[in-house]
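Here's a quick briefing to read with the structure open beside you. Have a look around first, then work through the points by topic.

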Amino acid sequence: MEITIQKARSLFKQEETLLLLFIVLITAISPIFSPEFFTSYNASNLLRQISYPAIVSIGMLLTVLIGGIDLSVGSIMQAVSLASIMLVQQNMSTGMIVIIVLALGMFFGLMNGLLITYGKLQPFIVTLGTKVIIDGTTLYMTKGKGISGDASDSFLEIGGGYLGEIPYPVIIMLVLYIIGFIILNKTVFGRQVYSVGSNRIAAHNSGIHVNRVQLIVYVLSGLFAAIAGLLIASRTGAYQPMSGNSGATGMELSAIAAVVVGGASLSGGKGSIWGAFLGALLSGLLFNLLVFLDMNPYIQQFILGLIILGAVIFSASKNNK
């Protein structure tokens, strides 16, 4: 099994190199369509927009690595964003808001994990059901309208602050990816995640507590979605029903696209943290280019679907060789 994992990692180094070439190509041609591409404003805004799906992609990668999926991440972001503003309205301290909403995200992840692990239900069905329940609840509570509160400067600083010219969400994203790299490549838990996804039965027979690994993975997925939701809410101090690549609704598609474009296999056991990051970066650059081309937002979603389909076909062709 260790040999299989090493081969998988070797393969993804090649795919990451290919992604880097695409990223360089998109970066090189973008100024042709708009001289504003290399402005500090566009660079800052682009990196901020990429940070949300990139953070969610860490949790999505973990679920995909064990052979699962999490379709509820966008809805968890919505719920966390709403909860954050509701707590702001109650004049709660920023520290307490952060603790409560991150715990809320982990709770949703725990519910997904329990149903999948001990209920023996399919991840696709469970997380789709969770998504619909959360969406329905948030719509009922808000009647589909946005809400706002008198947010403190410390709360707004989380998602809207800067360290020099770099937005805080970008810094948080980079820190989380470093942590994700350490977890997957330098810890026993990381090796267990790869092993469970490669061969669940063999992992169990080798002494790995498969159920515990799976449960932790879904809790972490909920946590990463909650972090992204908190960042979006704290950027403006308001809750809005969000959609598209930069919003919460549809974020699961952006995260899946980043993961599969980054080389992860939906069958589990194959993928890398930097592949997911490069996938999110490439997707963000493509959408940024489409905005400069004044592309219809619905066409952007069509292209996102093509990206996912193309990445899955490419992955399948590599696995069949």
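What follows is a short tour of charged pairs, aromatic rings, one helix and one loop residue. Keep in mind that this is a predicted model. The program finds 2 salt bridges in the structure, and a search of the whole structure turns up 5 aromatic pairs.

**Salt bridges around K131**

- K131 and D135 join their side chains in a salt bridge, at 3.5 Å from N to O.
- These two sit 4 residues apart in helix α5 (residues 123-142), so about one helical turn separates K131 from D135.
- That fits the usual helix geometry: with 3.6 residues a turn, residues three or four places apart point the same way.
- K131 also meets the side chain of E252 in a salt bridge, this one at 3.4 Å from N to O.
- Here the pair ties together distant parts of the chain, with K131 in helix α5 and E252 in helix α11, 121 residues apart.
- Put together, K131, D135 and E252 make up a network of salt bridges.
- Is K131 buried or exposed? K131 counts as buried because its relative accessibility is 15%, under the 20% cut-off.
- E252 is buried as well, just like K131.

**Aromatic rings**

- Among the aromatic pairs found in the search of the whole structure is a stacked one between Y177 and W274, with 6.1 Å from centre to centre and 20° between the planes.
- This pair also bridges distant parts of the chain: Y177 belongs to helix α7 (residues 168-186) and W274 to helix α12, 97 residues apart.
- The two partners differ in how covered they are: Y177 is buried at 0% relative accessibility, whereas W274 is partly exposed, with a relative accessible area of 32%.
- Zoom out a little and Y177, F181, W274 and F277 turn out to form one aromatic cluster.
- Elsewhere, a ring has a charge for company: the charged end of K143 sits over the ring of Y140, 4.8 Å from its centre.

**The loop before α12**

- S272 lies in the loop between α11 (251-261) and α12 (273-292).
- What does the side chain of S272 reach? It gets to the backbone nitrogen of G275, at 3.0 Å.
- Although it's a loop residue, S272 counts as buried, at 14% relative accessibility.

**Helix α8**

- Helix α8 (residues 188-198) is mostly covered, with 8 of its 11 residues buried.
- The buried residues in α8 are F189, G190, Q192, V193, Y194, S195, V196 and G197.

Technical notes:
Residues are numbered from 1 along each chain as its sequence is written. This is a predicted model: local features need pLDDT of at least 70, side-chain atom pairs count only at pLDDT 80 or more; totals for chains, interfaces and linings use all residues. Side-chain values use heavy atoms; hydrogens and water are left out. Buried means under 20% relative accessible area, exposed over 50%, partly exposed in between (1.4 Å probe, protein chains only). A polar contact is a pair of N or O atoms within 3.5 Å; within protein, one must be able to donate a hydrogen and the other to accept it, and residues adjacent in sequence count only if both atoms are side-chain atoms. Rings of Phe, Tyr and Trp (its six-membered ring) pair if their centres lie within 6.5 Å; planes under 30 degrees apart count as stacked, over 60 as edge-to-face and the rest as tilted. A charge sits over a ring if NZ of Lys or CZ of Arg is within 6 Å of the ring centre and within 35 degrees of the ring normal. A salt bridge is a side-chain nitrogen of Lys or Arg within 4 Å of a carboxyl oxygen of Asp or Glu.
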